[in-house]
Amino acid sequence: MKWFNFTNPLFIIKIVVYCMIGVMALQTFLVQVLNREVYQAKTKTTVTRTKNIYAERGQIMDRNGVVFADNLRDSVKVEDYSRLFVQGKIASKLIGVVGKDGKGSEGLELIFDERLRGSEGFRVGSYADVIKFGGREIYGHSKKVADAEPGKNLVLTIDRNMQEIVEKELKAGVAEFKAKSASAVVVDPYSGEILAMASYPAFGKNDIVGMSFEPGSTFKVITASAALENGVVSPDSVFANEGKCWKWSEKSEKICDTHIYGDMNMTEAMVQSSNVVYGKIADKIGAEKLYLMARNFGFGMKTSNSFYGEETGKLFQPYELTRDDRTLKTMGFGHSVSVTPIQMTMAYSAVANGGKLMEPKIVKEWRDSKGNLVEKNESVEIRRVISEKTAAEIRGMLSHVVNDSNGTAKKVRSKKIPDVIFGGKTGTAEKFNQETHKYDRTHQVASFIGLAPVENARYVCMVLVDDPQTAQKHGGNTAGPIFRRIMEDIYYHPELSPASYNLAIVNPKGNCEADFVGMKADAAKALADSRNCKVQFEGEGNRVISERKDRSDSLGITLMLGEMVAGKMPNLKGLSLKDALEIAGNIRMNVEYTGKGRVVAQSPKANEELRKGQICKLTLKEKG
């Protein structure tokens, strides 16, 4: 009976050991006999797993193939990618952000996420050390089931160099005018292509297109268009002097100007930015016609599906405009209406291009991972909103605003590029508060929308300055100078300038430093001789169509002769890219090119009839 001695420590140890053996035996019986199939399936899932193969995200690049966003691949984990801003901060907010889940979360990365992301693949793999280390893949035992399909490459209409200029000048403007922020859009008015779009400090979610605000005096262009198109007011009609303020009835709340201007016609009222006169013009037009004109210009609706967060703005219906005797009049000078910057830019683009409202375009094309063209985004004309005649009359008014000595945009005139005649309109108005959905009367948005040049415009640019704190807060003193500097930088840039004389501006001064393009051959020869510049001619014709400078003035200059007929496509074959771009600039053509060297093929072909907005496509090839 000593074996059952519970006071014996050895006896207690034996009992514990026998119990443990019993429990283990029972567990083995349960696993291997009663629940055999369940645990077999569970064991299989711990050593065999399906793993996604992430698709390489498509690049985002500018119109010339300069990459903005690319993939930074992890060399250790081949299935993981992160996004890299190749151009640093340039266009970074416009491009947007990709989250840790591989999905776009802001900007263009979000808008076009599905096409950029591609399709994931997956493979089934075997894993060791599942319990201890969570599993190490045995690559020799893995099997790829489906390949990943890379995302498409997005080619934007944005020009990297122009984007950099805009961002630089906005930053400088915010500092100079002590503003909360500033924004700008640059558009090709004939194609609707957005060439640059930025804000400083950088916003998220494309606020530049989405932010609603009260436009103020820039809206007077819409009122003038409605008056001219409907024959309500002629450009020469004179409005009698009301003094500084207009009060049309004893009970009415008066409308005032900043000064007493005297009698004015429509153009003079645009130059002086008279609220009184444009209130009277709106009253003559009537609610129905003014509403329809604003609606046709694209206000009160989104301009495109390509802009995340774009609002429609607010456009009162005719019955809302006539609910009192004041609202219609104030809409005439840009109150009682809210717009977005992209709406205003496209409206002025219609004035610039002769009356056609274009859809804003930020996607130029899509390409596959090998660079092959998949889809080209053509320009879209939405509708004709005003006649060529009305558009020309409005452009004349905008030219006076900038170039008359008493115009509100005198500071827009450029001394650096005096041959480029700008036109445009200033504005100063209250901001629209996104949170309260009301106008904030204590803070202002100063604006300027300009055409460069005012006739045959290459660019339409809108600049907004949010809450400037300098003594002169008016749009002509803040937004206007920023517009001017943006344009000066563009015209001085050797790769951007649309003017033939950009070579004279950029290159160092010398004996041959003159703009020979467009001159008759004998006049060009006489000018060259007077400057002691050696000159030789190539080609046939009576006018200089391009010039080629040698490495130094001592070697002289070669002038290409031909016929400069704006209605027909010139022959560009054999020319350098610089010469071809120069000629295309003279006839207001955008150029797309491939290759290096000299032009070997062109479209349109030489002597073909040209049409507005047509794109010149060149193929270049080096000799040999």
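**Exercise 1. Free cysteines in the interior**

Task: Decide whether Cys461 is buried or exposed in this predicted model.

Solution: Cys461 has a relative accessibility of 0%. The cut-off for buried is under 20% relative accessible area. Cys461 therefore counts as buried. Cys616 is handled by the same step: its relative accessible area is 0%, so this residue is buried.

**Exercise 2. The disulfide**

Task: Find how many disulfides the structure holds, state which cysteines are joined, and say which parts of the chain are tied together.

Solution: Begin with the count, which is one disulfide. The bond runs from Cys245 to Cys256, with an S to S distance of 2.0 Å. Cys245 belongs to strand β11 (residues 245–246) and Cys256 to strand β12 (residues 255–256), so the pair ties together parts that are 11 residues apart in sequence. Next take the handedness: the angle about the S-S bond is 105 degrees, and the link of Cys245 and Cys256 is right-handed. Last, check the accessibility of each partner. Cys245 has a relative accessible area of 23% and is partly exposed; Cys256, at 30%, is partly exposed.

**Exercise 3. Aromatic pairs**

Task: Classify the ring pair of Phe422 and Phe483 and place both residues in the fold.

Solution: The structure holds five aromatic pairs. In one of them, Phe422 and Phe483 have ring centres 5.3 Å apart, and their planes meet at 75 degrees. Planes over 60 degrees apart count as edge-to-face, and this is the class of the Phe422 and Phe483 pair. Phe422 sits in the loop between α16 (388–403) and β18 (423–433), while Phe483 is in helix α17 (residues 479–492), so the contact ties together parts that are 61 residues apart in sequence. Both Phe422 and Phe483 are buried. Phe448 completes the picture, since ring pairs link Phe422, Phe448 and Phe483 into a cluster.

**Exercise 4. Charges over rings**

Task: Identify which lysine sits over the ring of Trp246 and which lies over the face of Trp248.

Solution: For Trp246, the charged end is that of Lys280, 5.7 Å from the ring centre. For Trp248, the residue is Lys329, at 4.7 Å from the ring centre.

**Exercise 5. A nonpolar surface patch**

Task: List the residues of the nonpolar patch on the surface and give their accessible area together.

Solution: The patch is formed by Ile13, Val17, Tyr18 and Ile21. Together they have about 410 Å² of accessible area. Take Ile13 as one of the members: this residue is in helix α1 (residues 9–34). Its relative accessibility is 51%, so Ile13 counts as exposed.

**Exercise 6. Backbone geometry**

Task: Locate the cis peptide bonds at Pro453 and Pro604, then examine the positive phi values of Lys178 and Asn532.

Solution: The bond joining Ala452 and Pro453 is cis, with omega about -15 degrees. Pro453 falls in the loop between β19 (438–452) and β20 (459–466). From Ser603 to Pro604 the peptide bond is also cis, and omega is near 5 degrees. Pro604 belongs to the loop between β25 (598–603) and β26 (615–621).

Turn to phi. Lys178 has phi near 50 degrees and lies in the loop between α7 (160–176) and β8 (181–187). With 57% relative accessibility, Lys178 counts as exposed. Asn532 has phi near 60 degrees and is placed in the loop between α19 (521–530) and β21 (535–539). Its relative accessible area is 61%, so Asn532 is exposed.

Terms used
Residues numbered from 1 in each chain as written. Predicted model: local features only at pLDDT ≥ 70, side-chain atom pairs only at ≥ 80, totals over all residues. Heavy atoms only, no water. Phe/Tyr/Trp six-rings, centres within 6.5 Å; stacked < 30°, edge-to-face > 60°. Helix = DSSP H or I, 4+ residues; strand = E, 2+ residues; numbered from the N terminus. Buried < 20%, exposed > 50% of the residue type's maximum accessible area, 1.4 Å probe, protein only. Lys NZ or Arg CZ within 6 Å of the ring centre and 35° of its normal. Patch = residues over 30% accessible without salt bridge, like charges linked within 9 Å, V, L, I, M, F, W, Y side chains within 5 Å. Areas by Shrake-Rupley, 256 points an atom, 1.4 Å probe, with all protein chains shown as cover. Salt bridge = Lys/Arg side-chain N within 4 Å of Asp/Glu carboxyl O. Disulfide = S-S within 2.5 Å.
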